[in-house]
Amino acid sequence: MSRAEGIADVLRERIVTGRLVPGDPIPSTRAIMRDHNVAMATASRVLTLLQDDGLITSTPGRGSVVRSPDGSAQSVLTQDRVVSVAVSIADEEGLAAVSMRRLAAALEIPTMSVYRYVPSRDDLEFVMLDRVMGEMELPPVTGDWRADLQGACRTMWQTMTRHPWFAGALSMTRPASMPNAMPLAERMLGSLCGAGLDPVQAFTDYLCLLNLIRGLGSTLEPELSDRAETGVTNDEWMDTRVAELRRIAPPDRFPTMAAIMDVGYPYDVEVLVESGIERFLDGISARLV
């Protein structure tokens, strides 16, 4: 079985079992490329396979959506569907693109009709965040505080990579009270308390871990946007800046920076996330001794 057929089978199963209903958005080629680390040709083949099966159709302003049995892309409109389409737009175009007008166009309804399902743009963003939080599937509890924290942190990071706008939309200073955020919070706080930390220190370390992951996650959407606009990756962009960096950091004044430039640094946000999590947990372990 080819990679495209395997990905198509996953989406086909979601449609057949009703997890995706008529009118629901299907991941675009860009989303498939990002989520499955495949080339554009493979991602395009996935959509072609589903179209050949008669399971999806393309509509202006909405991309590919699930077809109904009669061949249309219409279904009963609910708040759940409105939020699904809003999340899909944000995944593809960024959170700023999710205006009430843009959402109405994607749903093929008048702009004012959107307000029947979400009272305001702020309310829409809240339910979008809560929806994405609800997608997190935490691994089973192991009883090992470190392993359980690692699993929770990695689950959060994976969610951010699927939804690049998500990290930037989260507020750490005035967080919204999202019901679907509670399982993640409980898992992380329970693990920290299970390590022997008192509740206040546990909550402090919980917030620090969240901010560490959120901070790195907030770089995802700008990088995708820059890459889409310029076609230049982060590493390629840095290659164009080396001469300027050498000019402002001569080795006689900044020997350490100059040495790093000589070696070269392969920027990889995944490496930064893993290193940050592990070193933070190393610090907790050392404090427990």
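Before I turn to the charged pairs, let me say that buried here means under 20% relative accessible area, exposed means over 50%, and partly exposed is whatever falls in between. Please also keep in mind that what we are looking at is a predicted model.

Side chains of opposite charge can pair when their charged atoms come close, and in this model the count comes to 12 salt bridges. I will go through three of them.

Let me start with D9 and R12, whose closest N and O atoms are 2.2 Å apart. Both residues sit in helix α1, which covers residues 3-16, and they are separated by 3 residues, about one turn of the helix. D9 has a relative accessibility of 32%, so it counts as partly exposed, and R12, at 21%, is partly exposed as well.

The second pair is E274 with R154, where the closest N and O atoms lie 2.9 Å apart. This salt bridge links distant parts of the chain, since E274 belongs to helix α14 (residues 269-288) and R154 to helix α7 (residues 145-162), 120 residues away. E274 is partly exposed at 30% relative accessibility, and for R154 the value is 30%, again partly exposed.

The third is D205 with R287, at 2.6 Å between the closest N and O atoms. Because D205 lies in helix α10 (residues 199-217) and R287 in helix α14, this pair ties together parts that are 82 residues apart in sequence. Is D205 buried or exposed? With a relative accessible area of 5%, D205 is buried, whereas R287, at 47%, is partly exposed.

Finally, salt bridges with shared partners join R146, R154, E274, E278 and D282 into one network.

Conventions:
Residues are numbered from 1 along each chain as its sequence is written. This is a predicted model: local features need pLDDT of at least 70, side-chain atom pairs count only at pLDDT 80 or more; totals for chains, interfaces and linings use all residues. Side-chain values use heavy atoms; hydrogens and water are left out. A salt bridge is a side-chain nitrogen of Lys or Arg within 4 Å of a carboxyl oxygen of Asp or Glu. Helices (H or I, at least four residues) and strands (E, at least two) are DSSP runs, numbered from the N terminus. Buried means under 20% relative accessible area, exposed over 50%, partly exposed in between (1.4 Å probe, protein chains only).
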